[in-house]
Number of protein chains: 2
Amino acid sequence: MEQNRDSTDRFLPRFDAAGLVTAIVVDADTRALLMVAHMNAEAIERTRATGQAHFWSRSRRALWRKGETSGNGLNVAEMRVDCDQDALLLVVHPAGPACHTGRRSCFYRRIDADGSLTFLDDDVQG
Amino acid sequence: MEQNRDSTDRFLPRFDAAGLVTAIVVDADTRALLMVAHMNAEAIERTRATGQAHFWSRSRRALWRKGETSGNGLNVAEMRVDCDQDALLLVVHPAGPACHTGRRSCFYRRIDADGSLTFLDDDVQG
């Protein structure tokens, strides 16, 4: 099974020891990287059943639907899986800022050569 | 320290229990998602020092430079960090296919509603 995860046409997610895969979320229109989160089997199932992105919170140890408190849900247009099936790509239409800081993307800072971070304008984030 | 990782202008990577952060690699020209890997402190240091992407292999428990055997290195144009500093974005110019299967991107399959995977053409991968 392990050997052919990269050539099969079956979705066989390879969960880590904690039962999780990495989920990469990009904007369907701009392809900007919005956020990175984790999904367990239930989060994947709920996302596929509802079309709304669900994740597993490692800190809260709970399933959550993105936007359930903020209102900024993620409408999933497409899901992809990587070669060894331990990472998923979610292509989404965001209802609002994806980052808890209120920014469009969680990737709003560039790492400079001296180790300082430069904050990026909203339209070039992610 | 934990509280202001999202507002600081200092790069303070938050490593997990295994000493790793998630690294998301995108193409500088197309913004296509190429691959996902992990970096420890040394991989980050080597990447910043050389401009060539280095990662930590969890399976081999070793530092590796992407392309050291395949020749398909990743020239890093820019690095970004996410709000809680446990994930990095590497914006790269790839010297060749990023995936070990010889494909441009590791994300070459779409997950369909019935759980089957559809293989995508090279120019729309990632």
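## How chains A and B meet, and the strands behind it

In this predicted model, 45 residues of chain A are in contact with 45 residues of chain B. Putting the two chains together buries about 3600 Å², and carbon and sulfur atoms give 56% of that area. Looking just at what chain A buries against chain B, Arg80(A), Arg109(A) and Ile111(A) supply 18%, more than any other three residues.

Now for the polar side of things. There are 32 residue pairs in polar contact between chain A and chain B, counting pairs with both residues at pLDDT 80 or more. Which elements of chain A give two or more residues to the side that touches chain B? They are β1, β2 (33-39), β5, β6, β7 (109-111) and β8 (117-119). Of these, β5(A) gives the most, with 4 residues. By residue type, the side of chain A that touches chain B divides into 20 nonpolar, 10 polar and 15 charged residues.

As for charge pairing, the rule finds 2 salt bridges across the interface of chain A and chain B. The side chains of Asp86(A) and Arg58(B) meet in a salt bridge, at 3.7 Å from N to O.

β5(A) also pairs across the chain boundary: together with strand β7 (residues 109-111) of chain B, β5(A) forms 2 bridges in the antiparallel sense. In that pairing, Val81(A) sits opposite Arg109(B) of β7(B).

Here are the strand pairings side by side, two inside chain A and one between the chains:

| Strands | Direction | Bridges | Facing residues |
|---|---|---|---|
| β1(A) (21-27) and β6(A) | parallel | 6 bridges | Thr22(A) and Ala87(A) |
| β5(A) (74-81) and β6(A) | antiparallel | 7 bridges | Asn75(A) and His93(A) |
| β5(A) and β7(B) (109-111) | antiparallel | 2 bridges | Val81(A) and Arg109(B) |

So what about β6(A) itself, which turns up in two of those rows? Is β6(A) largely enclosed or largely open? Strand β6 (residues 87-94) of chain A is largely enclosed by the rest of the structure, because 6 of its 8 residues are buried, where buried means under 20% relative accessible area. On one hand β6(A) runs parallel to β1(A), and on the other β6(A) runs antiparallel to β5(A).

The link from β5(A) to β6(A) is a hairpin with 5 residues between the strands. Within that hairpin, Gln85(A) takes a positive phi near 60°. As a general reminder for anyone tracing side chains here, in a regular strand they alternate between the two faces of the sheet.

How values were computed
Residues numbered from 1 in each chain as written. Chains lettered and ligands numbered in written order. Predicted model: local features only at pLDDT ≥ 70, side-chain atom pairs only at ≥ 80, totals over all residues. Heavy atoms only, no water. Buried < 20%, exposed > 50% of the residue type's maximum accessible area, 1.4 Å probe, protein only. Pairing = 2+ DSSP bridges. Contact = heavy atoms within 4.5 Å. Buried area = accessible area lost by both parts, 1.4 Å probe. Salt bridge = Lys/Arg side-chain N within 4 Å of Asp/Glu carboxyl O. Polar contact = N/O pair within 3.5 Å; in protein donor to acceptor, adjacent residues only side chain to side chain. Nonpolar A, V, L, I, M, F, W, Y, C, P; charged D, E, K, R; others polar.
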